[in-house]
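User: I'm new to this structure and would like a close look at one helix and whatever it packs against. Could you walk me through that part, starting from the overall picture?

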Amino acid sequence: MDSVHPPLQPRCAICNAPPFPECHHEGERLELALHQAQDRWAGVQRISDWVLNQARLQVLHLFARAKASRLEAHIQYLHTLPYYGLWQHYNGRPPLPPREFAYLQDQLRNAETNLRIGVDADWRKACLMYPEMLDYFFGLVEINFPDEKSEMVVRPQPGRRRARRDSGHSDRGSSKKGRGRG
Ligand SMILES: [Zn+2]
């Protein structure tokens with residue numbers, strides 16, 4: 001039967017050019033529509049937001065832990081410095097000979113500088129974990145597709161689906177009726 005008819009290839013939907021050679025308009029327009037639909041779908045944004053939020057929490061957590069232990073080591077080191085107890089007791093104005101005083105001040109300044117450099121390094125290291133963390137949390141997202149043969153795939157009702165989403169509550173009752181096979 002089909003062989004009786006000439007092949008019915010439609011013309012380009014955009015510029016009305018003959019089907020052969022194939023022109024690029026339809027492919028380009030479809031890709032654009034796909035991107036626009038993706039932008040409209042809240043799922044992309046929800047997944048990105050969730051993944052980013054989890055990754056950020058973990059990176060901040062890693063940094064906070066590294067910073068806390070670095071601060072602890074810093075304080076421990078300060079206590080090993082000669083006259084540090086005296087320094088604390090006199091709120092930074094210990095009655096020391098000028099030479100000892102200058103030496104202690106120097107040590108404290110060095111320790112402070114090292115602490116700042118260390119904290120910056122901790123932060124950089126934590127930030128370098130972002131790609132790995134993002135991959136990890138994307139990997140935890142579960143994506144479900146409906147059955148290819150399900151009614152909502154075989155007989156889509158785009159308008160209704162959108163109306164349902166906009167109204168914010170489902171009309172599962174009526175869609176169940178539509179699902180009955182017969
Ligand atoms: Zn065209």
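Analyst: Let's start with burial: just 2% of the 182 residues in the protein are buried, where buried takes 20 or more other C-beta atoms within 10 Å of a residue's own, exposed takes 12 or fewer, partly exposed is in between, and C-beta atoms are placed from the backbone. Keep in mind that this is a predicted model, where local features need pLDDT of at least 70, side-chain atom pairs count only at pLDDT 80 or more, and totals for chains, interfaces and linings use all residues. Residues are numbered from 1 along each chain as its sequence is written.

The protein has eight helices and zero strands, with helices (H or I, at least four residues) and strands (E, at least two) taken as DSSP runs and numbered from the N terminus. Along the sequence that reads α-α-α-α-α-α-α-α. Of the contacts with a separation of 6 or more, 52% are between residues 24 or more positions apart; a contact means C-beta atoms, placed from the backbone, within 7 Å.

Now for the close look, at helix H2. H2 covers residues 42–80, which is 39 residues, and at 1.5 Å a residue it should span 57 Å; its end C-alpha atoms are 57 Å apart, so the two agree. That expected span is 1.5 Å times one less than the number of residues. Two of the 39 residues of H2 are buried, so H2 lies largely in the open.

One partner is helix H4 (residues 98–127), which packs against H2 at an angle of about 160° with the axes 9 Å apart. Axes here are lines fitted to C-alpha atoms, for helices over the stretch in contact, and angles run from 0 to 180 degrees between N-to-C directions. H2 and H4 are therefore roughly antiparallel; angles over 145 degrees get that label, under 35 is roughly parallel, 65 to 115 roughly perpendicular, and the rest oblique. The crossing of H2 and H4 is right-handed, meaning the near helix is turned clockwise from the far one by less than a right angle, while anticlockwise would be left-handed. On the H2 side, the contact includes Val59, Leu62, Phe63, Ala66 and Arg70; on the H4 side, Leu115, Val119, Asp122 and Trp123 are among them. By class, this contact of H2 with H4 has twelve nonpolar, two polar and three charged residues. Here Ala, Val, Leu, Ile, Met, Phe, Trp, Tyr, Cys and Pro count as nonpolar, Asp, Glu, Lys and Arg as charged, and the others, Gly among them, as polar.

The spacing along such a helix has a simple background: an α-helix has 3.6 residues a turn, so residues three or four places apart point the same way.

Another partner is helix H5 (residues 130–140), whose axis is 9 Å from that of H2, at an angle of about 135°. H2 and H5 are therefore oblique to each other, and their crossing is right-handed. Val51, Gln54, Ala55, Gln58 and Val59 of H2 meet Tyr130, Met133, Leu134, Phe137 and Phe138 of H5. That contact of H2 with H5 has eight nonpolar, two polar and no charged residues. Val59 turns up in the contact with H5 and in the one with H4.

Finally, have a look at Tyr83, in the loop between H2 and helix H3 (84–89). Tyr83 is not a glycine, yet its phi is positive, about 70°. Tyr83 counts as partly exposed, with 16 C-beta neighbours inside 10 Å.

Methods: Contact = placed C-beta atoms within 7 Å.
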